[in-house]
Amino acid sequence: MYRLSGFSSIPVNTDSEYKTFLNENHLQGATSSEKVRLGLKYDGELVSLMTFSSPRYSNEADWELLRFCNKKGCSVVGEASKLLSHFEKNDVLVLQNEIN
């Protein structure tokens, strides 16, 4: 495992890039309902990804966090807070734990 810092937050616009990343690194793989995809790149390589969509379980929230993962074998320092800060626009998030 290696630790990274000094990354840049970017929107992930290509379907193939985010789907491949989630299928390789997230327990549940990719979904088809993501509306916003944000990632962190290090030396041009995607190392962390967070996806958001309309909430499925709450009428009070504007967004729901659907997926979050790092590249396997990689620990990215401060990745979750950096991605959430980038996304945050006074919206309410529903953080749904999908693993029981």
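This briefing describes the cores, strand pairing and salt bridges of the structure shown above. The model is a predicted one, and every value below was computed from it. Strand β4 recurs throughout: β4 gives the most residues to the largest nonpolar core, pairs antiparallel with β3 and also with β5, and carries Glu45, one partner of a salt bridge.

**Nonpolar cores**

- The largest nonpolar core is built from 10 residues, namely Leu38, Leu40, Val47, Met50, Phe52, Leu65, Cys74, Val76, Leu83 and Phe87.
- Two or more of these residues come from each of β3 (36–42), β4 (45–53), β6 (74–76) and α2 (79–87), and the greatest contribution, three residues, is that of β4.
- A second core, separate from the largest one, has six residues, among them Tyr18, Leu22, Leu49 and Cys69.
- As a general background to such groupings, nonpolar side chains in soluble globular proteins tend to be buried together.

**Helix α2 and its buried side**

- Within α2 the buried residues are Glu79, Leu83 and Phe87, and because they cover an arc of only 60° around the axis, they lie on the same side of the helix.
- Two of these buried residues, Leu83 and Phe87, also belong to the largest nonpolar core.

**Strand β4 and its neighbours**

- Eight of the nine residues of β4 are buried, so the strand is largely enclosed by the rest of the structure.
- On one pairing, β3 and β4 run antiparallel and are joined over seven bridges; Leu38 has Met50 as its bridge partner in β4, while Leu40 has Ser48.
- The hairpin formed by β3 and β4 has two residues between the strands, and Asp43 in this hairpin takes a positive phi near 50°.
- On the other pairing, β4 and β5 are likewise antiparallel, with six bridges joining them, and the bridge partner of Met50 in β5 is Phe68.
- Met50 thus appears in several of these descriptions, as a member of the largest core, as the partner of Leu38 and as the partner of Phe68.

**Salt bridges**

- The structure contains three salt bridges, which are taken in turn below.
- Glu17 pairs with Lys41, with the closest N and O atoms 3.2 Å apart; this salt bridge links distant parts of the chain, since Glu17 lies in helix α1 (residues 15–25) and Lys41 in strand β3, 24 residues apart.
- Both partners of that pair are partly exposed, Glu17 at 25% relative accessibility and Lys41 with a relative accessible area of 23%.
- Glu45 forms a salt bridge with Lys71, the closest N and O atoms being 2.1 Å apart, and here too distant parts of the chain are linked, with Glu45 in strand β4 and Lys71 in the loop between β5 (63–70) and β6, 26 residues apart.
- Glu45 counts as partly exposed at 35% relative accessibility, and Lys71 counts as partly exposed at 24%.
- The side chains of Arg56 and Glu64 meet in a salt bridge with an N to O distance of 2.6 Å.
- In this pair the two partners fall into separate classes, for Arg56 is partly exposed at 43% relative accessibility, whereas Glu64 is buried, with a relative accessible area of 0%.

Technical notes:
Residues are numbered from 1 along each chain as its sequence is written. This is a predicted model: local features need pLDDT of at least 70, side-chain atom pairs count only at pLDDT 80 or more; totals for chains, interfaces and linings use all residues. Side-chain values use heavy atoms; hydrogens and water are left out. A nonpolar core is a set of buried Ala, Val, Leu, Ile, Met, Phe, Trp, Tyr and Cys residues joined through side-chain atoms within 4.5 Å. Buried means under 20% relative accessible area, exposed over 50%, partly exposed in between (1.4 Å probe, protein chains only). Helices (H or I, at least four residues) and strands (E, at least two) are DSSP runs, numbered from the N terminus. The arc is that of the directions from the helix axis to the C-beta atoms. Two strands pair if DSSP finds at least two bridges between them. A salt bridge is a side-chain nitrogen of Lys or Arg within 4 Å of a carboxyl oxygen of Asp or Glu.
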